[in-house]
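Please look at the structure below with two topics in mind, the surroundings of the ligand and the backbone angles in the loops. A short report on both is given after it.

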Amino acid sequence: MTPSDVKATLSFSDGSPSMDLPIYKGSVGPDVIDIRKLYGQTGKFTYDPGFLSTASCNSTITYIDGDKGELLYRGYPIEQLAVNCDYLETCYLLLNGQLPNADQKAEFENRVMHHTMVNEQMQFFLRGFRRDAHPMAVMTGLVGAMSAFYHDSTDINNPEHREIAAIRLIAKMPTLVAMAYKYTIGQPYIYPKNDLSYAGNFMRMMFATPCEDYKPNDVLVRAMDRIFTLHADHEQNASTSTVRLCGSSGTNPFAAIAAGVACLWGPAHGGANEACLNMLNDIQQMGGVAKIGEFIKQVKDKSSNVKLMGFGHRVYKNYDPRAKLMRETCHEVLGELGLHNDPLFKLAMELEKIALEDEYFVARKLYPNVDFYSGIVQRAIGIPVPLFTAIFALARTVGWIAQLNEMIADPEYKIGRPRQLFVGATPRDVKPIAER
Ligand code: ACO
């Protein structure tokens with residue numbers, strides 16, 4: 001970290017001695033004030049629920065400028081990566097810091113695509129779930145269970161274990177997501193086919209049956225690959241911070257990634273694309289486009305607790321650059337499938353138009369986020385709505401791993417242990433039960 005010449009001084013109105021705090025400069029983005037010695041020197045903690053002003057680590061992986069609407073993976077703008085690179089090249093970049101050359105790309109692809117099968121025993125583990133279990137409940141279980149199957153890659157402090165765990169997780173996530181889907185609909189699992197592309201193989205495992213093969217459609221495979229690329233990493237969001245915190249105890253990589261999957265499930269995070277499609281279905285059932293005005297009224301009424309799902313973002317207070325790219329893909333896919341007149345898609349486009357012009361959304365800088373469009377694209381491809389978040393988890397796995405590995409390799413890394421402001425009861429005596 002590069003120290004700044006400027007220092008921050010913390011002073012107290014009660015005359016307690018003031019304290020100088022070092023400042024570090026990022027390569028871009030806000031500087032940080034180093035408060036690590038604050039408790040030792042003043043006996044005070046800082047208070048920042050939701051981490052609104054707190055950097056939990058230093059990182060070289062992903063940079064977001066929410067005001068500019070900028071997203072960089074290892075310095076490369078997402079707009080360039082989405083157009084010039086495929087998902088596995090992006091994975092290589094996130095893990096290694098550099099884009100691969102042709103040989104490196106071929107070798108990495110070959111490695112990943114030769115780890116796509118899962119231990120056959122996984123099927124029996126999966127069979128313990130109810131058929132109607134939510135795919136994210138199943139994925140949390142399956143990813144966590146990988147630590148029971150791959151004992152030679154569970155030592156988080158061993159770089160070789162971390163490396164093979166990374167390849168296994170990236171390679172096997174599509175297989176597990178497809179298995180979870182096939183299990184729900186009662187179809188046989190389709191084994192991976194390693195000569196297909198990463199996204200093409202996933203779509204075949206989802207949609208082929210033993211009676212009928214699936215012929216990947218280039219436009220749809222490209223759309224799926226783009227969904228993966230746009231969701232590959234997003235700096236220190238809730239699930240990534242969960243993975244780091246979980247991994248900081250020294251647990252194995254599979255357990256740490258399973259914690260990320262669990263966190264991602266929430267509707268304020270990865271569950272938003274599912275929540276968004278459910279919202280569109282609800283409006284459709286209320287009466288469709290004609291009912292948008294009534295729905296928007298509810299959204300603006302704070303007492304209703306209704307949110308326009310797929311809109312707004314904690315960090316982007318300008319257009320989410322991923323949403324722009326996903327919007328493009330959305331129109332490409334709808335065109336390819338001749339779905340521009342589908343009532344649900346028409347409803348989504350109308351909602352987008354109204355929200356972009358409405359003063360409530362404009363004033364709060366609430367733009368459609370990537371999940372608004374990725375849900376529409378996935379539905380058009382034929383992915384069932386409850387599987388959306390599992391696909392997000394598949395795509396984000398590489399980001400979680402890159403962040404976890406970066407943390408373990410950081411000499412300053414410590415077990416994460418937030419502090420608290422205690423406002424509960426002060427010491428008191430336990431009375432015998434008859435006197436309470
Ligand atoms: N619909 C209606 N109003 C909204 C929405 C929304 N989707 N999002 C924010 N607002 C309003 C808030 O009520 C608040 O209004 P106020 O100033 O009058 O009180 C204002 O906009 C600011 O919102 P905050 O809640 O402070 O924004 P925050 O950064 O905490 O929340 C969040 C961000 C959680 C993403 C929120 O916008 C939301 O719930 N969106 C819907 C869910 C969603 O799409 N999540 C996906 C995020 S992207 C991802 O995980 C890949």
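The report that follows takes the ligand site and then two loop residues.

This is a predicted model, and its ligand is surrounded by 20 residues, of which Lys302, Leu308, Gly310, Phe311 and Asn369 come nearest. Sorted by class, that shell holds 9 nonpolar, 5 polar and 6 charged residues. The polar contacts of the ligand include two to the backbone and one to a side chain, as listed here.

| Ligand atom | Protein partner | Distance |
|---|---|---|
| nitrogen | Leu308, polar backbone atom | 2.8 Å |
| nitrogen | Phe311, polar backbone atom | 2.9 Å |
| oxygen | Lys317, N or O atom in the side chain | 3.4 Å |

On its own the ligand has 930 Å² of accessible area, and the protein covers 74% of that area.

Turning to the backbone, most residues other than glycine have a negative phi. Phe51, in the loop between α1 (38-42) and β4 (62-65), has instead a positive phi, near 50 degrees. Glu235, which is found in the loop between α9 (218-230) and α10 (238-247), likewise has a positive phi, in this case near 40 degrees.

Are these two residues buried or exposed? Phe51 has a relative accessible area of 53% and therefore counts as exposed, the cut-off for that class being over 50%. Glu235 has a relative accessible area of 23%, so this residue is classed as partly exposed, given that buried means under 20%.

Key. Residues are numbered from 1 along each chain as its sequence is written. This is a predicted model: local features need pLDDT of at least 70, side-chain atom pairs count only at pLDDT 80 or more; totals for chains, interfaces and linings use all residues. Side-chain values use heavy atoms; hydrogens and water are left out. A residue is near a molecule or strand if one of its heavy atoms lies within 4 Å of it. A polar contact is a pair of N or O atoms within 3.5 Å; within protein, one must be able to donate a hydrogen and the other to accept it, and residues adjacent in sequence count only if both atoms are side-chain atoms. Accessible areas come from the Shrake-Rupley method with a 1.4 Å probe; for residues, only the protein chains shown count as cover. Ala, Val, Leu, Ile, Met, Phe, Trp, Tyr, Cys and Pro count as nonpolar, Asp, Glu, Lys and Arg as charged, and the others, Gly among them, as polar. Helices (H or I, at least four residues) and strands (E, at least two) are DSSP runs, numbered from the N terminus. Buried means under 20% relative accessible area, exposed over 50%, partly exposed in between (1.4 Å probe, protein chains only).
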